[in-house]
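Reader: Hi! I'm new to this one and would love a close look at a single part of it, told in plain words.

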Amino acid sequence: MSGGGDSMALLDMAIRVAPDRVRAVTVDHGLRAEAAAEAEAVAAFCTERGVPHTVLHWNGDEAEGNLMEAARQARYGLIADWAEGQGIGKVLLGQTKDDQSETFLMQLTRGAGVDGLSAMADAFDVGGVSFIRPMLDVTREDLRDYLTDRNIAWADDPTNDNPKYARVRFRQAMPQLSDLGLTHDALAKTVAAMQSGKDALDHYAAIEAARLVTIVDGDAVIPQHIQPAIPADIERRIWLAILMWIGGGTHTPRQSALDELTAAVADGRGHTVNGCQITIKYGAVRITRELSAISGKRIASTEIWDRRWRLNGPHKAGLKIAPLGEQGLRDCPDWRETRQPRHTLIASPAVWQQERLVSAPLAGFSNDWEAQIVTPFTVGKKVH
């Protein structure tokens with residue numbers, strides 16, 4: 001809960017519907033001096049209504065690239081970890097019909113196709129937590145009218161009026177676009193039509209993926225030469241689903257990256273893209289997590305590793321999950337008996353106590369631990 005109009009309206013509605021089941025959380029990204037005071041205002045609002053409230057903090061100084069995008073992804077990650085720790089399976093988000101329109105227009109200027117122009121996901125998962133957007137059919141103005149009627153204050157983030165951000169420029173242009181007929185309702189109809197087309201394509205891509213893709217210990221295996229041939233867009237959707245499931249990231253790979261991948265597969269060459277390593281042997285393409293993409297990552301053993309894995313075993317303080325790596329593989333004398341490729345195993349999740357290997361479930365060294373996929377492979381899943 002940022003304290004803005006959208007989130008405050010959502011919070012109040014949730015309290016009115018299920019007062020005993022609501023928990024509120026605010027993420028202070030450390031990017032604005034006013035954020036701390038806004039979090040305190042949300043806390044006071046929650047205290048008056050008997051709702052538990054938590055403030056989470058993110059160090060924006062460590063972000064690379066697009067700061068706003070990094071902050072958004074950090075927010076989802078922090079909230080997902082908090083929710084799991086609280087035993088909460090669902091988190092409500094306050095995006096509105098306005099956000100839907102702004103996203104559509106931004107994607108339009110980028111030359112997006114059916115996928116980019118379809119609807120924002122009304123629900124998506126981060127780890128084991130479902131994020132739900134229940135207000136995509138409601139306008140920002142409607143929510144502010146609701147707050148005014150109930151005499152509830154909200155905070156206005158000044159960055160929402162800063163034209164240096166593309167989203168803000170589209171927001172400021174909406175009155176003129178509405179005069180030309182591009183209202184929120186008109187854009188919503190186009191978004192719905194695009195979503196219908198995307199759903200149809202994803203449906204057939206999922207059918208083909210069930211025929212072509214085999215999941216082996218977190219890797220995906222697909223024939224080098226698909227027979228009978230399938231439409232290029234269907235094949236593209238399958239590849240994107242694989243790459244996003246294994247490599248993750250906040251955006252799907254560019255078409256140029258997919259073209260390079262397609263050429264490499266056709267030539268039988270190994271390749272790397274989107275944090276994935278692609279190898280080809282005996283006519284089969286195997287897509288594995290790329291070790292270098294996760295080599296410096298360490299998290300508590302109780303957390304979700306790399307968005308897909310949960311390691312179950314005798315957790316205790318100080319245990320961390322990190323890639324097995326070459327050094328760890330040398331401590332797994334039975335790894336060859338797994339019949340899995342070396343590059344698959346060195347990128348697999350392992351449990352460490354400082355520099356001592358405790359467990360490597362996928363490499364034949366379980367030590368009472370097991371690795372479980374918690375985010376199954378699917379085609380057509382909306383990226384948040």
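Reader: Let's zoom in on one ring: is F131 buried or exposed, and what is its relative accessible area? Please walk me through its surroundings too.

Author: F131 is buried, with a relative accessible area of 0%. Buried here stands for under 20% relative accessible area, exposed for over 50%, and partly exposed for anything in between, using a 1.4 Å probe and protein chains only. A quick word on the ground rules: this is a predicted model, where local features need pLDDT of at least 70, side-chain atom pairs count only at pLDDT 80 or more, and totals for chains, interfaces and linings use all residues. Residues are numbered from 1 along each chain as its sequence is written, and side-chain values use heavy atoms, with hydrogens and water left out.

Now, the rings. Phe, Tyr and Trp rings (for Trp, the six-membered one) pair if their centres lie within 6.5 Å; planes under 30 degrees apart are called stacked, over 60 edge-to-face, and the rest tilted. That rule gives 4 aromatic pairs. Take Y76 and F124: their ring centres are 5.2 Å apart and their planes sit at 70°, so this pair is edge-to-face. It ties together distant parts of the chain, with Y76 in helix α3 (residues 67-86) and F124 in strand β4 (residues 123-126), 48 residues apart. Helices (H or I, at least four residues) and strands (E, at least two) are DSSP runs numbered from the N terminus. Both Y76 and F124 are buried.

Back to your ring: Y76 and F131 also make an edge-to-face pair, at 5.5 Å centre to centre and with 70° between the planes. This is another link between distant parts of the chain, from Y76 in helix α3 to F131 in strand β5 (residues 129-132), 55 residues apart. Y76 has a relative accessible area of 2%, so this residue counts as buried. Put the pieces together and you get one aromatic cluster made of Y76, F124 and F131.

Rings turn up in another kind of arrangement too. A charge sits over a ring if NZ of Lys or CZ of Arg is within 6 Å of the ring centre and within 35 degrees of the ring normal. R49 does this over the face of F45, at 3.5 Å from the ring centre, and R308 does so over the face of W245, at 4.5 Å from the ring centre.
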